[in-house]
Amino acid sequence: MSKKYYYDKEAADKAVRFIEKFLTHTKGELAGKPFILEDWQKKEIIEPIFGMKHTGTGLRRYRTAFIFLPRKNGKSTLAAAIILTLMFIDDEQGAEYYSAANDKDQAKLVFDCAKGMVANSPELSQYLESFRNSLVYNAKGSFYKAISRESGTKHGFNVSAAIYDELHAMKSGDAENLYQVLETATGSRREPLMIAITTSGYDTQSECYKMYSYAKRVEEGSVKDDAFLPVIYEADREADILSPETWAKANPNFGVSLKREYMEREALKAKTLPSYENIFRRLHLNQWTASETRWMPDHKWTACNATIDQEILKNYPCWGGLDLANNRDLSAFVLVWEIDEKFVYKHWTFIPEDKVHQRTGGKDGVNYLEWSDHLEITGGDVADHNYIQAKIMQLGELYNVQSIAFDRHYASQLVLKLMDEGFNMSPFGQGYKSFNPPILEFEKRILEQKIIHFNCPVLRWQIGNAVLELSNTEQMKIQKGKAKDKIDTIIAMIMATGEMLFGEREKASIYSSQQGIRSV
């Protein structure tokens with residue numbers, strides 16, 4: 001160990017004693033019980049932060065800590081404990097402590113945990129005055145607050161210590177980088193401390209990924225930064241996601257706050273559901289993943305190649321999904337039935353004749369002419385909405401169509417004409433909120449072999465093109481801009497599924513001759 005630093009055992013032990021004597025858990029089965037630190041929390045975080053000192057000054061060595069942990073490893077409790085320990089152990093008047101996050105709800109998680117710890121402790125409550133958004137230590141003139149990027153400007157603060165929770169949620173290119181604002185506000189303090197405590201993400205241009213990469217280099221020794229403490233827990237990329245050894249490597253609290261039974265369920269779900277694997281890897285194995293992933297393996301799709309007598313469909317109600325082209329190649333109309341616990345899909349995919357010839361014979365293996373029995377080929381080089389209307393009206397006479405979901409951003413005269421013909425038209429949003437529930441059910445039915453798609457090559461091609469995009473809140477949608485190729489019919493299938501499962505959404509917009517279609 002360099003002579004520049006020494007380990008102050010007394011200071012480290014003092015921090016550990018404070019936490020274990022005065023602080024408690026605030027949630028779950030341990031709520032109200034003393035917060036007894038796990039060995040990894042003591043040895044890798046608390047003791048280094050509070051015990052490693054500069055030989056000359058006696059001040060803390062570390063100015064920045066990057067704590068990289070999967071979910072359910074007690075991040076909020078640990079972060080709250082660090083803040084409260086600093087408030088009571090640091091001999092600094094007028095200190096300012098903050099917990100920060102990208103949004104106010106996340107920022108409040110650590111603060112509310114600290115506030116609960118104070119409420120549970122008669123000793124701490126004598127010194128700290130608790131308010132809705134702050135804890136105030138009047139004798140020292142110090143305070144602790146939760147802030148977020150939504151709170152307005154943070155310039156002018158004089159930060160003693162700050163913990164940034166879930167740094168991965170900070171988007172690349174944020175106009176005001178809250179972490180950097182807080183970091184630059186520590187300049188006048190004697191021994192400031194910045195802590196980023198986060199799970200992995202998927203934005204490799206983000207502040208979090210940059211800090212993660214830097215922390216890895218410090219950890220391996222390729223970058224020397226004596227003031228930076230990297231604490232990184234993650235599974236190897238090629239590790240078996242079903243193995244308890246993999247779970248334990250990524251999760252230091254495996255078997256404590258993270259139960260084995262929970263991980264068994266989640267890992268099996270990740271192995272079974274293609275859309276969930278990236279979520280599991282990111283949240284529970286702490287592996288960086290792409291924001292989007294190819295959705296459905298071909299063998300899962302082709303396993304649903306059963307068929308039924310299509311005459312039966314006339315006896316059951318059905319629901320529709322309409323994806324209209326603007327200047328794109330394809331438009332699609334899909335009907336879905338639920339019969340004997342299976343979803344049965346029929347599609348009508350429309351393509352202008354000129355586009356058929358342009359695409360056929362290319363190097364990508366797509367041959368619209370070979371698929372002509374599965375396509376509705378219309379004249380010209382643009383989408384023929386009159387043809388599409390006539391086809392839907394014909395289908396309305398043949399089948400018991402309950403309602404039709406359509407993309408409200410591409411509402412057109414066709415939608416109004418169909419309404420005039422008596423069809424119930426329901427606008428369908430193209431965001432996560434609308435797509436996530438039917439995607440989950442659609443995927444589940446595929447994996448259970450409870451859909452029938454009549455082994456159509458057009459659908460097989462398009463499902464292979466589909467890419468799922470995940471939000472920060474783990475919602476899913478099919479991203480047209482990220483797809484390998486055309487997915488219009490798959491989009492219409494999901495819309496029809498959502499319409500069947502969740503009923504009519506907002507009714508179609510009210511039409512007036514002056515305004516055209518008024519968006520809802």
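# Helix and strand exercises

Helix α2 passes helix α3 in a right-handed crossing. Keep in mind that this is a predicted model.

**Exercise 1. Get an overview of the protein: how many helices and strands does it have, and what percentage of its residues count as buried?**

Step 1. Start with the elements: there are 17 helices and 22 strands.

Step 2. Next, the extent. The C-alpha trace spans about 85 × 55 × 40 Å along its principal axes.

Step 3. Now the burial. The protein has 520 residues, and 55% of them count as buried.

Step 4. Finish with the contacts. Take those with a separation of 6 or more: 70% of them come from residues 24 or more positions apart.

**Exercise 2. Work out how α2 and α3 lie relative to each other: roughly parallel or roughly antiparallel?**

Step 1. Find the two helices: α2 covers residues 39-51 and α3 covers residues 75-89. Two packed helices are described by the angle between their axes and the distance between the axes.

Step 2. Read off both values. The angle is about 25°, and the axes are 12 Å apart.

Step 3. Apply the cut-off: angles under 35 degrees count as roughly parallel. So α2 and α3 are roughly parallel to each other.

Step 4. List who meets whom. From α2 come Gln41, Ile45, Ile46 and Phe50, and they meet Leu78, Ile82, Thr85 and Leu86 of α3. Sorted by class, that contact has six nonpolar, two polar and no charged residues.

**Exercise 3. Do the same for α1 and α2: which word describes how they lie, oblique or roughly parallel?**

Step 1. Helix α1 is residues 9-22, and it packs with α2 at an angle of about 120°, with the axes 7 Å apart.

Step 2. Check the ranges. An angle over 145 would count as roughly antiparallel and 65 to 115 as roughly perpendicular, with the rest oblique. That is why α1 and α2 are oblique to each other.

Step 3. Look at the handedness: the α1 and α2 crossing is right-handed.

Step 4. Pick out the residues. On the α1 side they are Ala11, Ala12, Ala15, Val16, Ile19 and Glu20, and on the α2 side Lys42, Ile46, Glu47, Phe50 and Gly51. By class, the contact of α1 with α2 has seven nonpolar, one polar and three charged residues.

Step 5. Tie this to Exercise 2. Ile46 and Phe50 of α2 take part in the contact with α1, and Ile46 and Phe50 also take part in the contact with α3.

**Exercise 4. Trace the open sheet of eight strands: what is the strand order, and which are the edge strands?**

Step 1. Walk across the sheet. The order is β5-β6-β7-β4-β8-β9-β3-β10, and the pairing is mixed.

Step 2. Check the ends: β5 (128-130) and β10 (228-232) are the edge strands, as each pairs on one side only. From one strand to the next, the twist averages 15°.

Step 3. Zoom in on β3 (residues 64-68). Five bridges join β3 to β9 (residues 193-198), and the two run parallel. Alanine 65 has isoleucine 195 of β9 as its bridge partner.

Step 4. Add the helices. α3 packs on the sheet, with β4 (96-101), β8 (161-165) and β9 among the strands it touches, and its direction makes about 175° with that of β8. Helix α7 (residues 207-220) touches β3, β9 and β10, and its direction makes about 100° with that of β10.

Step 5. Look at the other neighbour of β3. Five bridges join β3 to β10, again running parallel, and isoleucine 67 has valine 231 of β10 as its bridge partner.

Step 6. Ask how covered the edge strand β10 is: five of its five residues are buried. Phe228, Pro230 and Ile232 point one way and Leu229 and Val231 the other way.

**Exercise 5. Find the partners of strand β12: which strand pairs with it in the parallel sense, and which in the antiparallel sense?**

Step 1. Locate β12 at residues 317-323, where six of its seven residues are buried.

Step 2. The parallel partner is β16 (residues 400-407), over five bridges. Here, proline 317 stands opposite asparagine 400.

Step 3. The antiparallel partner is β13 (residues 331-339), also over five bridges. In this pair, aspartate 323 stands opposite alanine 332.

Methods. Residues are numbered from 1 along each chain as its sequence is written. This is a predicted model: local features need pLDDT of at least 70, side-chain atom pairs count only at pLDDT 80 or more; totals for chains, interfaces and linings use all residues. Side-chain values use heavy atoms; hydrogens and water are left out. Axes are lines fitted to C-alpha atoms, for helices over the stretch in contact, and angles run from 0 to 180 degrees between N-to-C directions. Helices (H or I, at least four residues) and strands (E, at least two) are DSSP runs, numbered from the N terminus. A crossing is left-handed if the near helix is turned anticlockwise from the far one by less than a right angle, and right-handed if clockwise. Contact means heavy atoms within 4.5 Å. Ala, Val, Leu, Ile, Met, Phe, Trp, Tyr, Cys and Pro count as nonpolar, Asp, Glu, Lys and Arg as charged, and the others, Gly among them, as polar. Buried means under 20% relative accessible area, exposed over 50%, partly exposed in between (1.4 Å probe, protein chains only). Two strands pair if DSSP finds at least two bridges between them.
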